[in-house]
Amino acid sequence: MEIQLSKRLAEVAKFVPKDAVLLDVGSDHAYLPIALLEQNVINRAIAGEVVEGPYQSAIKNVQSSNLSDKIEVRLANGLAAFESSDQVTTITICGMGGRLISDILEEGKEKLRAIERLILQPNNREDDLRHWLQENDFQIVSEIIMTENNKYYEIIVAEHGSMTLTSRELRFGPHLLKEKTTIFKQKWQREWDKLAYAHSSVPEDKKIEREILMTKMKEIKEVIENAS
């Protein structure tokens, strides 16, 4: 059974190092580890899933791909899916909110010392996730922004090291800010449109709320209009 990854997961897969031992948190159908093994990218994997239905689905997919000797599916919450004896080198966490990904990393913080790379794909609150990485001695080595099915996705790749991000870099992404791709500009124009609509709905006497929205809108305009 050859797995065709979604565009989003195919982009995540590009950042997984050769010969990695992978933990895929919230693996859903185990598509990512199966595809990476079929492409001979990784040595073995743990597919972690906290929900019974997707857990059973992942087991079924691993069995029908004849990869039960290389992928272990575990019913566990977050980083509880692995122990140091598993010798995991890379962790992927995709398709969750930035705060939830931060909470997962925080709860299993002690286990991250031996991890070489985190590949994270938050659906929102990317700034919270970047802040957590900064506070916990991870540096962002790469970021991309992409679109699939009319949704925008950011992928953040982090390794051990220190970084100090400005509030603007936390919000927009240090690498994404430098590159300012067309997709980046489109995402933030859409965000500006939403804020402008919200601003138009706030009564004139709610000065503080209007000011907060205006400040956010102004920063977005500065970023996208100074786009290289």
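**Close-up 1. E143, a buried residue in strand β6.** In this predicted model, E143 is buried, with a relative accessible area of 2%; since buried means under 20% relative accessible area, this residue clearly qualifies because its value falls below that cut-off. You will find E143 in strand β6, which covers residues 138-148. Look at its side chain, which takes part in a polar contact of 2.8 Å with the side chain of R130. The side chain of E143 also reaches the backbone nitrogen of H175, again at 2.8 Å. Setting aside residues up to four places away in sequence, E143 touches R130, I155, I156, G173, P174, H175, L176 and E179. Both polar partners, R130 and H175, appear in that list of neighbours.

**Close-up 2. Helix α5 and the residue that follows.** R130, the partner of E143 in the polar contact between side chains, is one of the buried residues of helix α5. The full set of buried residues in α5 is E126, L129, R130, W132, L133 and Q134. Helix α5 runs over residues 126-135. After the helix comes D137, with a positive phi near 60°. D137 has this positive phi although it is not a glycine. Its place is in the loop between α5 and β6.

**Close-up 3. Helices α4 and α5 side by side.** Here helix α4 (residues 98-107) joins helix α5 (residues 126-135) in the view: their axes come within 7 Å and cross at roughly 25°. Angles under 35 degrees count as roughly parallel, and α4 and α5 are therefore roughly parallel to each other. Who meets whom? On the α4 side the residues are G98, R99, I101, S102, L105 and E106, and on the α5 side they are D128, L129 and W132. Sorted by class, the contact of α4 with α5 has four nonpolar, two polar and three charged residues. Two of the α5 residues in this contact, L129 and W132, also belong to the buried residues of α5. As you trace the helices, keep in mind that an α-helix has 3.6 residues a turn, so residues three or four places apart point the same way.

**Close-up 4. Helices α8 and α9 packed together.** Helix α8 (residues 182-201) and helix α9 (residues 207-225) pack with their axes 10 Å apart, at an angle of about 160°. That angle makes α8 roughly antiparallel to α9. The crossing of the two helices is left-handed. In α8, the residues taking part are F184, K185, W188, Q189, E191, W192, L195, A196, A198 and H199. They meet R210, L213, M214, K216, M217, I220, K221, V223 and I224 in α9. By class, this contact of α8 with α9 has twelve nonpolar, two polar and five charged residues.

**Close-up 5. L22 in strand β1.** Now turn to strand β1 (residues 21-25), where L22 lies. At 0% relative accessibility, L22 counts as buried. Not counting residues up to four places away in sequence, L22 touches P33, L36, I42, R44, A45, I46, V88, T90 and T92. One of these neighbours, L36, is 14 residues from L22 along the chain, and their C-alpha atoms are separated by 9.5 Å.

**Close-up 6. A47 in strand β2.** Strand β2 (residues 44-49) holds A47, which counts as buried at 1% relative accessibility. Apart from neighbours within four places in sequence, A47 is in contact with D24, S27, A30, P33, I71, E72, V73 and R74. P33 is also touched by L22. For a sense of scale, the C-alpha atoms of A47 and V62 are 9.6 Å apart in space, while the two residues are 15 apart in sequence.

**Close-up 7. A76 and N149, two loop residues.** Is A76 buried or exposed? At 17% relative accessibility, A76 counts as buried, and its place is in the loop between β3 (71-75) and β4 (90-96). A76 and E49 are 27 residues apart along the chain, with 5.8 Å separating their C-alpha atoms. Leaving aside neighbours within four places in sequence, A76 is in contact with E49, V50 and A81. N149 sits in the loop between β6 and β7 (151-160). N149 is exposed, with a relative accessible area of 71%. Its phi is positive, near 50°, in a residue other than glycine.

How values were computed: Residues numbered from 1 in each chain as written. Predicted model: local features only at pLDDT ≥ 70, side-chain atom pairs only at ≥ 80, totals over all residues. Heavy atoms only, no water. Axes fitted to C-alpha atoms, helices over the stretch in contact; angles between N-to-C directions. Helix = DSSP H or I, 4+ residues; strand = E, 2+ residues; numbered from the N terminus. Parallel < 35°, antiparallel > 145°, perpendicular 65-115°, else oblique. Left-handed = near helix turned anticlockwise from the far one by under 90°. Contact = heavy atoms within 4.5 Å. Nonpolar A, V, L, I, M, F, W, Y, C, P; charged D, E, K, R; others polar. Buried < 20%, exposed > 50% of the residue type's maximum accessible area, 1.4 Å probe, protein only. Polar contact = N/O pair within 3.5 Å; in protein donor to acceptor, adjacent residues only side chain to side chain.
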